[in-house]
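This report describes the metal sites and the empty spaces of one protein model. The sequence and the structure are shown first.

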Amino acid sequence: MQAQRAHGPGQALRWETVPVPRPGAAQVLVEVSACGVCRTDLHLVDGELPQARYPVIPGHEIVGTVVARGADGGELVPGMRVGIPWLGHTCGTCFYCEQGRENLCDAAAFTGCSRDGGYAEYCVADARYCFPLPAGFDDVAVAPLLCAGLIGYRSLRMAGDARRLGVFGFGAAAHLIAQVARWQGREVYAFTRAGDMAAQDFARRLGAVWAGGSDERPPVMLDAALLFAPVGALVPTALALLRKGGRVVCGGIHMSDIPSFAYERLWGEREIVSVANLTRQDAVEFLDLAARVPVATSTQTYVLAEANLALDDLRQGRLQGAAVLICRPSAPMAQQLGAQP
Ligand SMILES: [Zn+2]
Ligand SMILES: [Zn+2]
């Protein structure tokens with residue numbers, strides 16, 4: 001099969017022919033139709049993820065069809081459409097798993113990072129970490145829900161009942177979660193790079209009551225702020241906009257250093273928290289919610305061979321919404337499997 005592989009920090013992905021993987025007992029083989037491009041994939045390419053193992057096929061917003069299964073493949077059968085997110089496996093027995101916090105599992109596997117992901121024509125996944133997808137979304141539209149949506153949702157939940165919600169970095173996660181927040185009756189205040197009028201217009205179209213640069217102040221104090229931009233300097237910036245008792249939620253897996261700031265900014269029981277990974281419960285809840293809102297996804301598509309271009313457009317801020325790779329195999333599976341021992 002054709003796949004894009006990361007061979008080490010700082011190297012562009014390589015377009016390669018590799019064997020179609022075979023599912024283990026508790027796994028399924030999925031023919032990938034679409035795979036979203038996440039900022040985490042940039043961190044993988046840049047060597048900023050300690051969990052990564054190279055070479056690895058990136059991609060953890062995978063949409064595809066089950067084509068084969070191991071003996072313990074659960075309820076998944078060939079022909080079912082499934083989504084495969086970042087959390088690929090957990091141990092079920094560590095301190096965190098036993099507390100229902102499997103997102104913090106000490107022995108977790110991460111799709112497209114510590115195991116191969118979806119920048120490929122096929123991938124294998126643990127059956128218990130694959131999710132049926134809501135029927136109202138086509139394969140491209142549903143892909144960004146699987147990380148941008150899920151991490152965004154977990155971040156939003158961390159904001160508690162905050163009504164006035166600041167959102168920093170109006171990209172893939174923000175454009176999805178702003179719609180959920182508005183549907184829940186919250187007010188969204190969108191912060192973009194200074195002077196990025198296109199992103200500010202995009203935020204207003206998605207229901208933000210205010211949009212401006214991250215160097216601007218909204219007209220009200222915020223109850224909480226969600227940070228999706230990987231810029232540590234935004235933490236003290238956001239803190240300064242919060243009312244007492246407010247919370248800054250850092251939604252990214254990697255962020256530049258947070259500069260020091262006066263204790264006064266944190267005083268008043270303000271909090272800073274991070275969001276790590278997701279749980280399967282998050283996926284079940286969010287996919288149901290996304291269908292009920294319903295969340296509209298804004299996507300820009302690329303063929304699988306153009307993965308480096310998609311990553312570059314994300315890095316340069318040239319995207320509105322989310323990039324999605326179209327991954328359908330060029331040759332039937334029987335033919336590809338026939339080429340293997
Ligand atoms: Zn565990
Ligand atoms: Zn992601």
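Which strand gives the most to the lining of the second largest pocket? In this predicted model, that strand is S8 (residues 122-126), which contributes 3 residues.

**Pockets and cavity**

The second largest pocket is lined by 13 residues, and those closest to its centre are Met1, Pro21, Ile57, Asp116 and Val124. By class, its lining comprises 8 nonpolar, 2 polar and 3 charged residues.

Strand S8 also provides the largest share of the lining of the largest cavity, again with 3 residues. The structure holds 1 cavity of 30 Å³ or more. The residues that line the largest cavity are Ile84, Gly88, Thr111, Arg115, Asp116, Val124, Ala125, Asp126 and Tyr129. Asp116 and Val124 thus appear in the lining of the cavity and among the residues closest to the centre of the second largest pocket.

The largest pocket is lined by 45 residues, of which Arg39, Gly169, Gly171, Phe228 and Ala229 lie closest to its centre. Both domain 1 (2-144 + 278-338) and domain 2 (149-274) supply at least three residues to this lining. Several helices contribute at least two residues each, namely H1 (39-45), H4 (148-158), H5 (172-183), H6 (197-205) and H9 (307-315), as do strands S11 (187-192) and S17 (322-326).

The volumes and the lining classes are set out below.

| Space | Volume | Nonpolar | Polar | Charged |
|---|---|---|---|---|
| Largest pocket | about 970 Å³ | 26 residues | 14 residues | 5 residues |
| Second largest pocket | about 160 Å³ | 8 residues | 2 residues | 3 residues |
| Largest cavity | about 40 Å³ | 4 residues | 2 residues | 3 residues |

**Zinc ion (ligand 1)**

Four cysteines coordinate the zinc ion (ligand 1) through their SG atoms: Cys91, Cys94, Cys97 and Cys105, at 2.3 to 2.4 Å. The angles among the 4 donor atoms run from 104 to 117°, and the site is tetrahedral. For reference, the ideal angle for four tetrahedral donors is 109.5 degrees. Along the chain, the donors of the zinc ion (ligand 1) follow the spacing C-x2-C-x2-C-x7-C. Cysteine 91 is in the loop between strand S6 (87-89) and helix H2 (95-98), and cysteine 105 is in the loop between H2 and strand S7 (109-110), so this pair ties together parts that are 14 residues apart in sequence.

Is each of these two cysteines buried or partly exposed? Cysteine 91 has a relative accessibility of 30% and therefore counts as partly exposed. Cysteine 105, at 8%, counts as buried, because the cut-off for buried is under 20% relative accessible area.

**Zinc ion (ligand 2)**

Which protein donors serve the zinc ion (ligand 2)? They are Cys38 (SG), His60 (NE2) and Cys147 (SG), and they lie 2.0 to 2.2 Å from the ion. Their spacing along the chain is C-x21-H-x86-C. The two cysteines link distant parts of the chain, 109 residues apart: cysteine 38 is in the loop between strand S3 (27-37) and H1, and cysteine 147 is in the loop between helix H3 (139-142) and H4. Cysteine 38 is buried, with a relative accessible area of 11%. Cysteine 147 is likewise buried, at 5%. Helices H1 and H4, which border these loops, are also among the elements that supply at least two residues to the lining of the largest pocket.

Definitions and conventions. Residues numbered from 1 in each chain as written. Chains lettered and ligands numbered in written order. Predicted model: local features only at pLDDT ≥ 70, side-chain atom pairs only at ≥ 80, totals over all residues. Heavy atoms only, no water. Donors = N, O, S within 2.8 Å, 3.2 Å for Na, K, Ca; no water. Tetrahedral: all angles 85-135°; square planar, octahedral: opposite > 155°, others 65-115°. Helix = DSSP H or I, 4+ residues; strand = E, 2+ residues; numbered from the N terminus. Buried < 20%, exposed > 50% of the residue type's maximum accessible area, 1.4 Å probe, protein only. 1 Å grid on protein atoms, 1.4 Å probe; cavity = no way out; pocket = protein on both sides within 12 Å on 5 of 7 lines; lining within 4 Å. Points joined across faces, edges and corners; volume = space filled by probe spheres on them. Nonpolar A, V, L, I, M, F, W, Y, C, P; charged D, E, K, R; others polar. Domains from an automatic or database assignment.
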